[in-house]
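Visitor: I am new to this structure. Could you take me through one part of it slowly, please?

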Amino acid sequence: MDIIKKGDWIQIHQVILKPEERAAHLPEDTKKVPLELWVKGFALEDGKIGDEIEIKTVTGRKVKGKAIKLNPRYVHDFGDYVPELTKIDMQLKEILFGGDCDE
Amino acid sequence: MNRDMSYAAVMGRKNEIMKKAIGIDFDAFESGGISFDYERMMREAGYSLEEIQNIQSSTGVGNTPILELKNLTALARKCAPKGKGARIFIKDEACNPSGSFKARRAATAVYHAKKLGYKGVIAATSGNYGAAVASQAAMAGLKCIVVQECYDSRMIGQPEILEKQRACEAYGAEVVQLTVGPELFYSFLCLLEETGYFNASLYTPFGIAGVETLGYELIMQFREKIGRDPDKVVITHAGGGNVTGTARGLIKAGAENVEVVGASVDLSGLHMASDNDFNRKSFTTGHTGFGIPFATWPDRSDVPRNAARPLRYLDRYLTVKQGEVFYITEALSVLEGLERGPAGNTSLTAAFALAQEMDEDQIIVVQETEYTGAGKHPMPQISFAKQNGIEILFGDPDTEIPGQNIVFPNHPSKIKLRDFDLTKAKTSYIRNAINNYGKNVISNQDLEFLAKDTKSNVDFVLSVLTDIGVKVE
């Protein structure tokens with residue numbers, strides 16, 4: 001699964017600025033961590049996850065970085081169900097259509 | 001050719017890179033002091049209202065419907081004193097091609113880039129503007145790169161920003177994602193230099209002029225459908241472009257008497273450049289973390305002179321709480337059948353409270369909505385907040401502490417008006433101008449400029465200057 005073939009769609013990672021290279025006047029927590037970058041593109045060479053691989057992005061830029069994911073999926077969704085929101089919905093309908101606003 | 005790509009070297013080439021990437025000679029509008037010729041810049045470096053209407057209609061942007069929110073108005077009236085509760089309307093900007101009013105700004109920026117012969121456009125944004133630029137670039141056949149501040153140092157991304165990444169990629173753009181920090185600007189400059197693409201900044205004269213059609217259209221729609229101008233327009237305020245462009249459009253429509261009200265989500269206490277705070281907020285835009293710094297110093301943006309100057313236009317500035325905006329987002333959905341936002345509902349939340357101090361025959365308009373979906377919805381935002389240790393409560397929204405809890409109002413009457421003191425903002429702006437230019441003595445031209453840029457008067461500016469020991473020559 002970790003094998004990357006030339007032409008595969010992958011996501012790479014780079015460290016842009018090490019903590020000591022970062023801008024002045026950062027909050028203390030941000031100062032301690034590097035500035036990192038992720039970008040996706042087609043692998044220009046064979047390799048495996050964790051290797052330094054050069055990619056060609058959709059705009060045609062060539063960028064080299066550590067391969068972290070093959071066919072990276074979108075991970076965002078609608079989250080866990082939030083019952084509090086349904087309570088709000090019920091209250092709103094009750095106030096407007098089934099009761100009085102001033103209790 | 002091996003350029004020095006170190007942070008200091010690239011930042012040192014900032015002006016040179018920017019000039020190539022934006023095609024505007026900002027020096028032409030400078031006075032040599034604090035002041036610059038704002039109106040001439042808007043006229044000469046931007047486009048006329050008619051030109052923009054043509055550009056936007058050719059890409060399906062604008063002419064979004066005005067909807068009256070009758071149930072939300074009824075709810076506000078139930079909470080208001082007798083006879084109070086203005087009619088609430090919304091301009092459904094989610095109907096734009098990329099799902100938000102930002103399509104208006106992007107349409108003019110991309111048109112301009114294509115006209116000048118650029119092969120591609122780059123925008124630095126984690127918000128709807130990225131999707132808007134990507135969508136417009138797709139139509140124009142230009143390449144597009146969107147640079148996002150997206151992850152904290154654990155590579156955990158804000159759901160809303162992850163959704164914007166997906167949207168940008170759906171429109172065919174390359175998305176470059178970064179961890180938290182102002183050095184995003186460094187990466188942005190590197191990309192501009194590498195590609196020679198156009199800087200589709202949010203803050204150019206044509207970007208801001210792109211929003212003027214929103215204000216203008218709104219007035220024309222009211223005159224046609226309702227027979228009169230609205231009394232107040234409420235505008236979500238972050239970087240200042242929404243307020244500035246809309247207000248300029250109102251003025252161009254001859255609606256000078258309409259009150260311009262800004263609204264932002266209160267995120268006080270959270271540091272915008274903090275790795276820890278980054279994922280402790282549930283709103284990635286329309287909040288005070290942008291709204292206040294951009295109002296009190298607009299020229300902090302990615303262009304030498306920001307065309308978005310909100311203090312020139314704001315009559316009032318209100319803050320709302322995160323829990324209140326989620327609550328009103330639910331109300332819009334279950335009482336009006338419109339699933340929108342949440343961030344775009346910041347101004348709607350303020351309007352809901354503001355309507356209650358207005359008479360029933362008055363009209364208040366919220367001038368935008370935005371699309372919703374996975375990541376960009378109360379459900380993923382609240383469950384993400386819970387995962388990050390934020391407490392979710394019902395109660396008095398005034399007890400909400402950004403980064404610690406989200407307090408849903410236990411009753412809609414708990415959604416309140418909270419005025420941000422504009423006099424304080426204007427004072428900070430004047431102090432910032434003096435500090436940034438390092439002046440002890442300013443010209444009469446500067447004095448008049450500062451009065452205009454703060455929608456105040458010469459006496460007010462003089463009183464602030466006296467306090468900080470600055471003289472007028």
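Guide: Let us look at chain B, starting with the side that touches chain A.

This is a predicted model, in which local features need pLDDT of at least 70, side-chain atom pairs count only at pLDDT 80 or more, and totals for chains, interfaces and linings use all residues. Residues are numbered from 1 along each chain as its sequence is written, while chains are lettered from A and ligands numbered from 1 in the order in which they are written.

Chain B brings 49 residues to the contact and chain A brings 36 residues (two residues are in contact if their C-beta atoms, placed from the backbone, lie within 7 Å). Among the elements of chain B that give two or more residues to this side are helix 5 (70-79), strand 5 (174-179) and helix 15 (378-387); helices (H or I, at least four residues) and strands (E, at least two) are DSSP runs, numbered from the N terminus. Helix 15 of chain B supplies the largest share, six residues. By class, the side of chain B that touches chain A holds 25 nonpolar, 16 polar and eight charged residues. Here Ala, Val, Leu, Ile, Met, Phe, Trp, Tyr, Cys and Pro count as nonpolar, Asp, Glu, Lys and Arg as charged, and the others, Gly among them, as polar.

Now follow strand 5 of chain B across to chain A. Strand 3 (residues 35-43) of chain A runs antiparallel to strand 5 of chain B, and two bridges join them; strands pair if DSSP finds at least two bridges between them. At one spot to look for, W38(A) has Q177(B) as its bridge partner.
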